[in-house]
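The exercises below are to be worked with the sequence and the coordinates at hand. Each task is followed by a solution that proceeds step by step.

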Amino acid sequence: MQDILEAIMSAEGSAQPERELAGLAGLPVPESYRGVVVRADETRMFDGMATRDKDPRKALHVQEVPTPELGPGEALIAVMASAINYNTVWTSIFEPLSTFKFLQRYGRLSELTKRHDLPYHVVGSDAAGVVLRTGPGVTRWSAGDEVVAHCLSVELEDAAGHDDTMLDPQQRIWGFETNFGGLAELAIVKANQLMPKPRHLSWEEAASPGLVNSTAYRQLVSHHGANMKQGDVVLIWGASGGLGGYATQMALNGGAIPVCVVSSPDKAELCRRMGAELVIDRAAEGFRFWKDEQTQDQDEWRRFGERIRELTGGEDPDIVFEHPGRETFGASVYVTKRGGTIVTCASTSGYQHQYDNRYLWMHLKRIVGSHFANYREAWEANRLVALGKIHPTVSRTYPLEQTGQAAYEVHRNAHQGKVGVRCLAPADGLGVRDPELRSRHEDAINRFRGH
């Protein structure tokens, strides 16, 4: 592994980094590597505990694991950096169920997928790194290519997946519903998960947008989601967070009018630094949408809707970008414009949504479910990053050994934007190949740093 790292590091400052990296094809593949895992014999460790009290630091372990066989249509990548997503938090606290059930189901699919059904699960659904090897049938990528990976793993043997791969019955999220994820020194991906690494970004910056940027693109911009247009009023929950930070940028970049909902003055300031003008600090303004565990407060829905109209000059949201779920969903349905769209994913505050259907059916609103993105959507989202139109939201990074702490920060909502993890990269700031483009966007790239 050290030889691989030294070969990658030799490209730093090189006038022809591609030539340096092409030499990776001649290096042997290590028999094992370090990965962040959860273990099958620990899935009951948090039984009886409240969700908020479950500690990812106790369940996530860095250990040496055997390098798996490379299959047809796959690529082995040396992972320089990855990032924390909520699915890694869910994996680490074994909610809503143990991910080993996903691995067992996938393992029954074929002889090749049996590799994934193991007593440990290498987690992580983001990665930036360098291709080391490709399996039979791969022609688009080769050893030495600098890449980022999106997290859609799909078999594409079923007709249902060929109009929209997210509808394929064998669609899975890599590193969550499959093994050999990105929080590791090596990772196995399907070749159609790979995209070019944005050349002006460091490894940890390039790794961070993948899952959330692609999710926000499909949810907000794509015709499979809300199909946002210029001038749309878009209500964005958690607008400075990992997912909302990209939704806010896409709304602004696409000519829409974001109304950013946050929970602190610091988060409100981050939204303004991104260019948003309409911001609601719901903690400071005391919005509480539930009277108790069973009863929502419709007076608070109305007060929230009035506050939105104050900011927009009397307009209701054309689109509500929903991901908190249970805590906010009733309010989201209520405040959406007549004929508008509530587009939902994730449900980080709870999956059981309650809303008053009169405000949906009588006002002709739509609820659209959205889950990650297909390859085309992920590619377009990554292209916006590569062009400097959308910027990473990395606030801090941790070394691989402290992945548990990184996940704990996300679980406790003690973070802004995205929390990165350095896998093979020995320090932040490495891997920049286009310093000129970077210099034009330096402030935007770094605006989440230190928050």
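## Exercise 1. The loop between α4 and α5

Pro 96 is located in the loop that runs between α4 (86-93) and α5 (100-107). The model is a predicted one.

Task: describe the peptide bond that joins Glu 95 and Pro 96, and determine whether Phe 94 is buried or exposed.

Solution. Step 1: the bond joining Glu 95 and Pro 96 is cis, with omega at about -5 degrees. Step 2: Phe 94 is found in the loop between α4 and α5 as well. Its phi is near 60 degrees, a positive value in a residue other than glycine. Step 3: most residues other than glycine have a negative phi, and most peptide bonds are trans. Step 4: the relative accessibility of Phe 94 is 9%, and residues under 20% are classed as buried, so Phe 94 counts as buried.

## Exercise 2. A positive phi at Leu 364

Task: locate Leu 364 and classify it as buried or exposed.

Solution. Step 1: Leu 364 lies in the loop between α12 (358-361) and β16 (366-369). Step 2: although Leu 364 is not a glycine, its phi is positive, at about 55 degrees. Step 3: the cut-off for an exposed residue is over 50% relative accessible area; Leu 364, at 61%, therefore counts as exposed.

## Exercise 3. Helix α13

Task: check the span of α13 against its number of residues, and establish where its buried residues lie around the axis.

Solution. Step 1: helix α13 comprises twelve residues (375-386), which at 1.5 Å a residue should span 16 Å. The expected span is 1.5 Å times one less than the number of residues. The C-alpha atoms at the two ends are 16 Å apart, in agreement with the expectation.

Step 2: the buried residues in α13 include Glu 377, Ala 378, Ala 381, Asn 382, Leu 384 and Val 385. They cover an arc of only 150 degrees around the axis, which means that they are on the same side of α13.

Step 3: the cover over these buried residues includes β6 (146-149), β10 (194-196), α7 (210-221) and α8 (244-253).

Step 4: at the start of α13, a side-chain oxygen of Asn 374 comes within 3.2 Å of the backbone nitrogen of Arg 376. Just after the helix, Gly 388 has a positive phi of about 80 degrees.

## Exercise 4. Two elements that cover α13

Task: characterise the surroundings of Glu 146 and the burial of α8.

Solution. Step 1: strand β6 contains Glu 146. At a relative accessible area of 16%, Glu 146 is buried.

Step 2: beyond its neighbours within four places in sequence, Glu 146 is in contact with Leu 21, Gly 129, Val 130, Met 195, Pro 196, Lys 197, Trp 203 and Arg 433. With Arg 433 there is a polar contact between the two side chains, at 2.6 Å.

Step 3: in α8, eight of the ten residues are buried, so the helix is largely enclosed by the rest of the structure. The buried residues are Gly 244, Gly 245, Tyr 246, Ala 247, Thr 248, Gln 249, Met 250 and Ala 251. Gly 255, which follows α8, has a positive phi near 80 degrees.

## Exercise 5. Thr 312 in helix α10

Task: state which residues Thr 312 touches, and what its side chain reaches.

Solution. Step 1: Thr 312 belongs to helix α10 (residues 298-312), and its relative accessible area of 15% makes it buried. Step 2: not counting residues up to four places away in sequence, Thr 312 touches Val 233, Val 259 and Leu 278. Step 3: the side chain of Thr 312 reaches the backbone oxygen of Glu 315 at 2.6 Å.

## Exercise 6. The protein as a whole

Task: assess how compact the protein is for 451 residues.

Solution. Step 1: the protein has 15 helices and 18 strands. Its radius of gyration is 22 Å, close to the 22 Å given by the globule rule for 451 residues, so the protein is as compact as a globular protein of that length. Step 2: along the principal axes, the C-alpha atoms fill a box of roughly 65 × 50 × 40 Å. Step 3: of the 451 residues, 59% are buried. Step 4: among contacts with a separation of 6 or more, 74% are between residues 24 or more positions apart. Step 5: the accessible surface comes to about 18000 Å², and 47% of it belongs to carbon and sulfur atoms.

Notes. Residues numbered from 1 in each chain as written. Predicted model: local features only at pLDDT ≥ 70, side-chain atom pairs only at ≥ 80, totals over all residues. Heavy atoms only, no water. Helix = DSSP H or I, 4+ residues; strand = E, 2+ residues; numbered from the N terminus. Buried < 20%, exposed > 50% of the residue type's maximum accessible area, 1.4 Å probe, protein only. Arc of directions from axis to C-beta. Contact = heavy atoms within 4.5 Å. Polar contact = N/O pair within 3.5 Å; in protein donor to acceptor, adjacent residues only side chain to side chain. Rg over C-alpha atoms; globule rule 2.2 N^0.38 Å. Areas by Shrake-Rupley, 256 points an atom, 1.4 Å probe, with all protein chains shown as cover.
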